[in-house]
Amino acid sequence: MKHSMKATISTPDTAKHRYTRMERVQLSKSAALRKDYMEHLPAWRRPTVGYMLSLPLVGLFLLLSMFIEQILSYVYFPGSLLIIAVLLSAFIWGVGPALFSLLLCLLALDYFLLPPVWHIDVVTLKGALQLVPFAISGLVIAIITAQRERARLEALAAEYEAKNIADALEESNQKLEESNTKLQEANQLKDRFLSMASHELKTPITTIRGQAQLLLRRLDKQHTAIPEVENTKKTLAKINEQTGRLNSLIDELMDVSRIRAGKMVLHTRNSDFVALCHEIVEDQRILSGRTITFTSEQPAITTTIDNDRMGQVVINLISNALKYSPPDSPVEVKVDTCGQNIFLHVTDHGKGIAQEQQQHIFETFYRTPDAESSAKGLGLGLAICKEIVERHNGRIWCESQPGMGSTFCVELPK
Ligand code: ADP
């Protein structure tokens, strides 16, 4: 209760305090701006010089007015020339000197120029009325000058603000560039590490796999039914399978490093695309034991491709189709042509891919949440396929609807 009372009492005070502080900041800002503006003026345009020169200036125009009155028989507006002194003061030195000049002019008008017959004196109302038009003109000049000065100060403030923003932008740009360079360096380091680690891992894994395969062949030749030998054969088969998986993962990592370093070289030659796909389909059918159908519009289509790399694409698409569809569902591979282009379609009857995920599946390391939970992989295969196909001046895309399976399509120029 005590606390809330305290809060109610102190709130208006705080608001007031804040308001005055804000006002003070604003005032000190405009004072600093004015000071800066004055400092940038040439010495002869400073107001102090204006105050000092106002007197001779008014004197000069007074003499001029008197001289004109001497040579002309009658002057309608005696002393109207004096307004030029006010004007000059205003334009050269600003409001303060302009008002000072106006005051001097009014005195000069009163004492030297207005007709003596009227006995005009500033202290009398009539005298004062005679001076009103001149005073109003002078004041108008002073007001216009004040507005000009204000506009100039505002422009200066805007210029400073823009300069501050530009400085801040430049600073953040520099920081961004620095962090960009650091990021690039870190990325290069990561790529170098990936490439080195893959190379270092590849040799021992190939050796282990080779030894396991050799032992497996030797045991197969012995035709013994000893349970221990059978168990060893099963273990060796597992080693063979797992090292095979490791090998293909390392191959994918090495391919990604090559792509990033721009070192993927294509060895193109004339090949029969139909024969290549047919051969791969047969291999995959034997290896997976699944139903994979193959149809081609033409018995042979000759085109210039890197056989190994394009084979890698076909293998990848078929093994993905097998991996992401139920084991008892078929996979269909179809090759056809349209105009000057060859098309490959690999269709499965799996879960399919949501529209928003389809645009990401060709990115490196991207995996759909479904794939993360159901199948192993690094999310590199399709990114490598895309690079290979594009290097052949072709394109690759996916047509899929959730629950309806997917078709991966490749288009290649003939
Ligand atoms: P990986 O299969 O190793 O995860 P890929 O680059 O081959 O990597 O595939 C990227 C992702 O695309 C996969 O993780 C999966 O989510 C999705 N994907 C690829 N092929 C299919 C397919 N036939 N059916 C459903 N999803 C697929």
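Here are a few friendly notes on this predicted model, arranged by region.

1. A good place to start is H392, in the loop that connects α11 (381-391) with β6 (395-400). Although it sits in a loop, H392 counts as buried, because its relative accessibility is 7% and the cut-off for buried is under 20%.

2. What does the side chain of H392 reach? Its partner is the backbone nitrogen of D306, at 3.0 Å. If you set aside neighbours within four places in sequence, the contacts of H392 are L266, T268, T304, I305, D306, M310, L412 and P413. D306 thus appears both in this contact list and as the partner of the H392 side chain.

3. Next, the nonpolar cores. The largest has 41 residues, and the members touching the most others are F273, L317, I318, V335 and L344. Helix α8 (residues 307-323) gives this core its largest share, seven residues. Another core, of 23 residues, lies apart from it and includes F61, A85, L104 and L113.

4. V335 deserves a look of its own. Not counting residues up to four places away in sequence, V335 touches F273, V274, C277, F294, T295, S296, E297, I301, I342, F343 and L344. Among these, F273 and L344 are also listed with V335 as residues that touch the most other members of the largest core.

5. Finally, helix α6 (residues 227-260). Its 34 residues reach 50 Å from the first C-alpha to the last, close to the 50 Å expected at 1.5 Å a residue. After α6 comes G262, which has a positive phi, near 65°.

Conventions. Residues are numbered from 1 along each chain as its sequence is written. This is a predicted model: local features need pLDDT of at least 70, side-chain atom pairs count only at pLDDT 80 or more; totals for chains, interfaces and linings use all residues. Side-chain values use heavy atoms; hydrogens and water are left out. Helices (H or I, at least four residues) and strands (E, at least two) are DSSP runs, numbered from the N terminus. Buried means under 20% relative accessible area, exposed over 50%, partly exposed in between (1.4 Å probe, protein chains only). A polar contact is a pair of N or O atoms within 3.5 Å; within protein, one must be able to donate a hydrogen and the other to accept it, and residues adjacent in sequence count only if both atoms are side-chain atoms. Contact means heavy atoms within 4.5 Å. A nonpolar core is a set of buried Ala, Val, Leu, Ile, Met, Phe, Trp, Tyr and Cys residues joined through side-chain atoms within 4.5 Å. The expected span of a helix is 1.5 Å times one less than its number of residues.
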